[in-house]
Amino acid sequence: MLQPPADETPGGAPDPGSAAEVLAARLRRLISQQRLRPGERIGSERGLAEQLEVPRSLLRQALQHLESEHLVRRSLGRTGGVFADDGKIQRHLNTVQGVPDMVRQQGYSVQTRVIRAVLSTPFPEEQRALQLQEDSAVYRIVRLRLAGGVTWSLDTSVLPARRYPGLLSQDLTGSLYLLLTSRYGLSVDRAEETVEATSSDTEQSRTLGIPEGSGLLEVHRVTFDPDDAPAEYAHDFFRADRTRIHTQKVGTNWMRTRRG
């Protein structure tokens, strides 16, 4: 008869008496005692292993337990490490960054499904935002984003067709900014965004797989190039139960620092 691994119960849950679960309990206490907020860095794997005086292999087992509980997340790279978590994805407002990079840096896999990509005429608000003539052609691209295999956002990007010829024949499942930069030479200088709370309608709920009336964060964004010409108008909806907004404010010397 097969026996379960030493650190698991027959149902697959970690054995409360296993070394990995004992260490996971120590980490839970550390997060609680330090009153770490979601998104705060706990440390590197190496640093935590040295601090807790345990092998890194055992630490990784404990972190896997905590990741399954959405108490921590791990990310790679120069700014990576182990972070306190609550299962939400941090949406940065200080950088113009593609969604795939943003999500992957926080340790989640990302998938993009193109729902609609058409050549159209702009709606009045799109025409104003992109500074276009009424009869100008635009691409309207609607995409569903999944993070960690679960729906996260419903994004609509509207772009001047004259500026990006042949865009609809390109792969639209990756970072749109990366595509516009690499193929069309776009240089993003800044973006203006507004964020407000709203609730999902019938179509949004069906697409995102959430109950109708669920909380959403509605984002309107206009992206500009260095010549101050609008390069993209976006209208996005993020699931409020999976999203945290992060921003950074600067002091009174901001203009002096920018000029310098």
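Trainee: What does the accessible surface of the protein come to, and what share of it belongs to carbon and sulfur atoms?
Mentor: This is a predicted model, in which local features need pLDDT of at least 70 and side-chain atom pairs count only at pLDDT 80 or more, whereas totals for chains, interfaces and linings use all residues. Residues are numbered from 1 along each chain as its sequence is written, and side-chain values use heavy atoms, with hydrogens and water left out. By the Shrake-Rupley method with a 1.4 Å probe, where for residues only the protein chains shown count as cover, the accessible surface comes to about 14,900 Å², and the share belonging to carbon and sulfur atoms is 48%.

Trainee: What percentage of the residues of the protein count as buried?
Mentor: Buried means under 20% relative accessible area, exposed means over 50%, and partly exposed is what lies in between (1.4 Å probe, protein chains only). Of the 260 residues of the protein, the part that counts as buried is 42%.

Trainee: Which helix gives the most residues to the largest nonpolar core?
Mentor: A nonpolar core is a set of buried Ala, Val, Leu, Ile, Met, Phe, Trp, Tyr and Cys residues joined through side-chain atoms within 4.5 Å, and the largest one here has 20 residues, with Leu 23, Leu 27, Ile 42, Leu 59 and Val 72 making the most contacts inside it. At least two residues come from each of helix H1 (19–33), helix H2 (45–52), helix H3 (56–68) and strand E3 (81–84), the helices (H or I, at least four residues) and strands (E, at least two) being DSSP runs numbered from the N terminus. With 6 residues, the helix that gives the most to this core is H1.

Trainee: What arc do the buried residues of H3 cover around the axis?
Mentor: H3 has 13 residues and reaches 18 Å from its first C-alpha to its last, close to the expected 18 Å, which is calculated as 1.5 Å times one less than the number of residues. Its buried residues are Leu 58, Leu 59, Ala 62, Leu 63, His 65 and Leu 66. They lie on the same side of H3 because the arc they cover around the axis is only 150°, taken from the directions from the helix axis to the C-beta atoms. The cover over the buried residues of H3 includes H1, H2, strand E2 (72–75) and E3, and the arc asked for is 150°.

Trainee: How many residues apart in sequence are the parts that the salt bridge of Asp 225 and Arg 163 ties together?
Mentor: A salt bridge is a side-chain nitrogen of Lys or Arg within 4 Å of a carboxyl oxygen of Asp or Glu, and the closest N and O atoms of Asp 225 and Arg 163 are 2.8 Å apart. Asp 225 lies in the loop between strand E9 (215–224) and strand E10 (230–239), and Arg 163 in the loop between strand E7 (150–160) and helix H6 (176–184), so the distance in sequence between the parts tied together is 62 residues.

Trainee: Are Arg 221 and Asp 236 buried or exposed?
Mentor: These two side chains form a salt bridge whose closest N and O atoms are 3.2 Å apart. The pair links distant parts of the chain, with Arg 221 in strand E9 and Asp 236 in strand E10, 15 residues apart. Arg 221 and Asp 236 are both buried.

Key. Contact means heavy atoms within 4.5 Å.
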